[in-house]
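User: I have a structure open and would like to go through the reasoning behind some of its labels. Could you walk me through it?

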Amino acid sequence: MQILVIGATGYAGRQVATALRRQGHSVLGMTRDTTSARATALTAAEVRPVAGDLADPASYRSHLREVDAVVHLSMDTNDPAGADLALFAELEAAGGPHLVYTTGCSSYGRVDAPVLDENTPGNPGGALYFRLELEQRLAASGLPHTVLRPGFIYGGEARTSQAGNWFAAGRSGRAVFYGDRAKSWTWVHVDDLAEAYTAVVAGIGGGLPSGEVFCVGEENPPTALEVFTACVRAAGHTGPVEFAPIEQAGWLDRAADHDEVMTSAKAREVLGWTPRHAGVLADVDTYYRAWAAS
């Protein structure tokens, strides 16, 4: 297939784009700057960088007419809902290449369910609930699509990840954990996540019905505090872990100050996807070294 990856120079996007290429697909990697070092790295991985800005539909319109599928792994932080709705409209005008759409475990918000699955209703008061609403808009549009809801990503360069933030906190010499000390989140290694996307694309070619939603992550996650402590210790922090109210935290912590534990049973059954990594705690020193080297 010919596939456009939106956000191909990002943390997850780069891994997904190169994984799709390794499966034999022709991959276009959309980026705002095709001359950047990260875009050059895509070229070296046999992915063709193409210019485009999610906030400007005219900049990527022609690419949509070249491809069989679009993998969306980016967010316009200025207008996340508006940019995605514009993408849906452009896809419809282009004749409907299959969209692999990414939301995430934090989209549910705080809900009264010990384990989240594809059918768990989200909390409309959640900070990222609008992403579930976008899923609903996509379903109503009639566009061919598949939705992936990953857990918190770790591994590799850990760029723009919570694990990377915590490594940085440990290296800075001040480790502050915000909010609920008992909360747990589902995690997924970036390479395992890339394999989920390749499995979806293979399913599209093999008759996977449009409209399927998949939660993607490891089972039985540790508490966020356990992961935080392991990350700051791996980064060399030997002092105490401090605690602060969630109101003092950034937007990511505030949006996820509760349990976000998903089951990936459907992805295992339908896609044949199984995570290969044993979890962030199992090899945290390796993940710290990868982040530091990047």
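User: How many cavities of 30 Å³ or more does a search of the whole structure find?

Analyst: Happy to help! This is a predicted model, and the search of the whole structure finds two cavities of 30 Å³ or more. The largest cavity holds about 60 Å³ of space, and the second largest has a volume of about 30 Å³.

User: What makes a residue part of the lining of the largest cavity, and which residues are they?

Analyst: A lining residue has an atom within 4 Å of a cavity point. For the largest cavity, the lining consists of His72, Ser74, Met75, Pro80, Asp84, Tyr101, Thr102, Phe130, Arg131 and Leu134. Helices H4 and H5 and strand S5 each supply at least two of the lining residues, and H5 has the largest share, with three. By class, five are nonpolar, three polar and two charged.

User: How is the lining of the second largest cavity made up by class?

Analyst: Five of its residues are nonpolar, one is polar and three are charged. Among the lining residues are Gly109, Arg110 and Asp259. Gly counts as polar and both Arg and Asp count as charged, so Gly109 falls in the polar class and Arg110 and Asp259 in the charged class.

User: Back to H5. How do you know that its span agrees with what twelve residues should give?

Analyst: The expected span is 1.5 Å times one less than the number of residues. For the twelve residues of H5, 130-141, that comes to 16 Å, and the end C-alpha atoms are 16 Å apart, so the two agree.

User: Which residues of H5 are called buried, and why are they said to be on the same side?

Analyst: Buried means under 20% relative accessible area, and in H5 that label goes to Arg131, Leu132, Leu134, Glu135 and Leu138. They cover an arc of only 155 degrees around the axis, which puts them on the same side of H5. Arg137 and Ala140 are exposed on the other side. The cover over the buried residues includes helix H4 and strands S5, S6 and S10.

User: And why is Met1 called partly exposed?

Analyst: Its relative accessibility is 33%. Buried would need a value under 20% and exposed one over 50%, so Met1 counts as partly exposed.

User: What is Met1 in contact with, leaving aside its neighbours within four places in sequence?

Analyst: Its contacts are His25, Ser26, Asp68, Ala69, Val201 and Ile204. Met1 and Ala69 are 68 residues apart in sequence, and their C-alpha atoms are 7.6 Å apart in space.

Key. Residues numbered from 1 in each chain as written. Predicted model: local features only at pLDDT ≥ 70, side-chain atom pairs only at ≥ 80, totals over all residues. Heavy atoms only, no water. Helix = DSSP H or I, 4+ residues; strand = E, 2+ residues; numbered from the N terminus. Buried < 20%, exposed > 50% of the residue type's maximum accessible area, 1.4 Å probe, protein only. Arc of directions from axis to C-beta. Contact = heavy atoms within 4.5 Å. 1 Å grid on protein atoms, 1.4 Å probe; cavity = no way out; pocket = protein on both sides within 12 Å on 5 of 7 lines; lining within 4 Å. Points joined across faces, edges and corners; volume = space filled by probe spheres on them.
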